[in-house]
Amino acid sequence: MRQKRIKSGILVAVASVLAVLFLFPLVWMVFTSFKTLSESLASASLFPRQWTLENYASIFSASADSNMVQWTINTAIVTLIGTVLVIFVDVLAAYALARLNIPFKKVILGIVVVALTVPGIVTLFPAFYLFKSADLLDTYAPLILPYSAGTLGVFLIYNFLRSFPKELEEAAYLDGASQWQVLTQVIFPSIKPVVTTLGVVTFLAIYNDFLWPSLVTNSDEMKTLTLGVATLVQGSNFVNPAAMMASTVVATVPALIIFLWANKYFVKGVTNSGIK
Amino acid sequence: MHMTNKSKWLGFIFVVPFLVSFLVFWLIPLLYGIWISLHDFRLSVGNNGFIGLKNYVDILTPDTIYNRTFMTSLKNTLMFIVLSVPPLILISLGLALLIEHLPKKLKTFFRTVFFLSYSISVTAVSAIYLWLFGANGGYINNILMKAGLISSPINWTGDQPYAWLVIVIATIWWTIGFNMLLFVNALDEVDGTLYEAADLDGASAWNKFRFITLPEIRNISIFVMITTVIASFNLYGQSLLITRGGPEQSTSSLIMGINTTVFGNNQLGVGSAMALLMGVIMMLITGIQYWISYKSDKDELAKPSRKERKRLKRAVNAGPTNVNQHPAATIDKKERKIT
């Protein structure tokens, strides 16, 4: 018994050391954002000797060379509408594929699975050129719409529904409910967990996407936070770690909050997507 | 269920939004990309006519400019895969095993901590690592200098092998939580009675890991390996932002090379051909991984360790099994394999 306790004590100690290592870059990011420029460049200590809000003030000042506020608004618009769109499109399709006797069912299911195995890079540049030809670069359209073509969500919800008993729906049909009523009042409540998972995964995927937004966005006013930070890394903040960390904190905190809030759904989602 | 033709097509309406979106943003771009790759297609002025497979020939003929771009960035990307995939799998499995053996109350906490960095963007990761490992004024250099371990700053992001080291460390820190979570969930699924039986048999910790844990998490390990290789193939943000592809293009990845061809050289046709080649290479490697793991599964049964497995199996059958739980667990595992 005592041996067991010693063993678990050692394991907890090892885990704690690793946890410190994992958290260090984030903690360093936060503390550096409160350092002065000269201290951030020279200091070997984690904590600021002299705390300052100057970095945050400079990001949000009227004369700032970054559009942090506009980027935040863009990110909110793109991620929220994009996530709702993906859920709407995927739930309807998955429901019809799992429950209704529709034409071309096998073909569509085949498409869903095959598309999962094709690397995203092959559609990226032609999709960009199509948006360019349609004169839609630098608008919200390419930043939102293409995410709804992903088939992972359909796959997840379809699998969930397949393992879910049909009795409730059949009872509802017997009571004279319409297809739409069954969908909104029986199906929706029961698939809430998997939809929440899909929502969180999609939200973070859109929020953190870098390559695609960098192709379809030209002007500074249309950038998302993730894209904006990249501009700062390559540009004005390149010589100023304190300012760069302040921008990074602003860009990262919303994602971290969403993640911590939805941690358990995320965990489940990874399990579901992992079962293949 | 009896359904009239009319209601059949009524139900079809539900899949229309998905099909339209899939068609416009996936299938048409895919086919259009193939079409573009067969043309002399400039980003600025568009199509200059059909040229057959010339773009592909150019890319694959030694010493043309596109061949150099493609081969160099392919070589760099494969280098990154070799450097990043083993630690991404082994360390994540180690973390998962560690979490599995922690007291119950602490599991969620540590799992969350190790997974936390997965939620931030590649640009944030790059910003952080760029300044942790900055040459002049970077935090790690400051510490090493103060401690007297080095006398002049190390050019972490501008010299090899440091440049790869920084990119690999940043990537491990950023993405390892995802793999760990897959392993944690797989370890949770392992039937506990197997271990109990092995304990009764006096099996060592290593043997339990080798003969119970590893075979039980086999499927998820293959999945982790394949997804990790694919993710490493898509290296872009880290090397663009941390090392800017340097020193001397040595960390310039495939996607960076394609990007340069399309936007730098104005060659959408050549770039599309490169992207398709990259996609084909990725699918081939995925296929080979599937094939090898399927084959090794067969070979496994023929090895001398079979005796040991049999002995364990007997022990398991004789061991104290929970009747209510055991069959259900078996069914569950079968379902996992099918889906």
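Start by selecting E248(B), which is exposed because 11 other C-beta atoms lie within 10 Å. (A residue is exposed with 12 or fewer other C-beta atoms within 10 Å of its own, buried with 20 or more, and partly exposed in between; the C-beta atoms are placed from the backbone.) Colour the loop between α12 (237-243) and α13 (254-264) of chain B, and you will find E248(B) in it. (Helices are DSSP runs of H or I with at least four residues, strands are runs of E with at least two, and both are numbered from the N terminus.) Look at the backbone here too: E248(B) is not a glycine, yet its phi is positive, near 50 degrees.

Before you move on, a word on the model. It is a predicted one, in which local features need pLDDT of at least 70 and side-chain atom pairs count only at pLDDT 80 or more, while totals for chains, interfaces and linings use all residues. Residues are numbered from 1 along each chain as its sequence is written, with chains lettered from A and ligands numbered from 1 in the order in which they are written.

**Two more backbone stops**

Go to D138(A), in the loop between α6 and α7 of chain A. D138(A) is another non-glycine residue with a positive phi, about 65 degrees. Is D138(A) buried or partly exposed? Partly exposed, because it has 17 C-beta neighbours inside 10 Å.

Then select Q160(B) and P161(B), which are joined by a cis peptide bond with omega about 5 degrees. P161(B) sits in the loop between α7 (139-146) and α8 of chain B. As background for these stops, most residues other than glycine have a negative phi, and most peptide bonds are trans.

**Where the chains meet**

Now show both chains: 70 residues of chain B are in contact with 72 residues of chain A. (Contact means C-beta atoms, placed from the backbone, within 7 Å.) Which helix gives the largest share of the chain B side? Helix α2 (residues 16-37) of chain B, with eleven residues. Colour that side by class and you get 48 nonpolar, 19 polar and three charged residues. (Ala, Val, Leu, Ile, Met, Phe, Trp, Tyr, Cys and Pro count as nonpolar, Asp, Glu, Lys and Arg as charged, and the others, Gly among them, as polar.) For the complex, the predictor gives an ipTM of 0.89 and a pTM of 0.86.

For one residue to zoom in on, pick F125(A) in helix α6 (residues 121-133) of chain A. F125(A) counts as buried because 27 other C-beta atoms lie within 10 Å. Across in chain B, F125(A) touches G33(B), V262(B), L268(B), G271(B), S272(B) and A275(B). Within its own chain, try a distance to V216(A): 91 residues apart in sequence, the two C-alpha atoms are 9.9 Å apart.

**The domains of chain A**

Give separate colours to domain 1 (2-60) and domain 2 (68-274) of chain A; these bounds come from an automatic or database domain assignment. Taken over C-alpha atoms, their centres are 32 Å apart. Between them, 14 residues of domain 1 are in contact with twelve residues of domain 2. On the domain 1 side, α3(A) supplies the largest share, five residues, and by class that side has seven nonpolar, six polar and one charged residue.

**Into the core**

Next, hide the surface and pick A94(A), I157(A) and F183(B), which touch the most other members of the largest nonpolar core, a set of 137 residues. (Such a core is a set of buried Ala, Val, Leu, Ile, Met, Phe, Trp, Tyr and Cys residues joined through C-beta atoms within 7 Å.) Helix α8 (residues 162-189) of chain B gives the most, 14 residues. Leaving out residues up to four places away in sequence, A94(A) touches V154(A), I157(A), Y158(A) and L161(A).

**Last stop: confidence**

Finally, colour by pLDDT, the predictor's confidence in each residue from 0 to 100. Chain A has a mean of 88, and chain B a mean of 84. In chain B, helix α16 (residues 326-338) is lowest at a mean of 33, and α2(B) highest at 96. Residues 315-339 of chain B have pLDDT below 50. Where pLDDT is low, the predicted coordinates should not be read in detail.

Conventions:
Contact = placed C-beta atoms within 7 Å.
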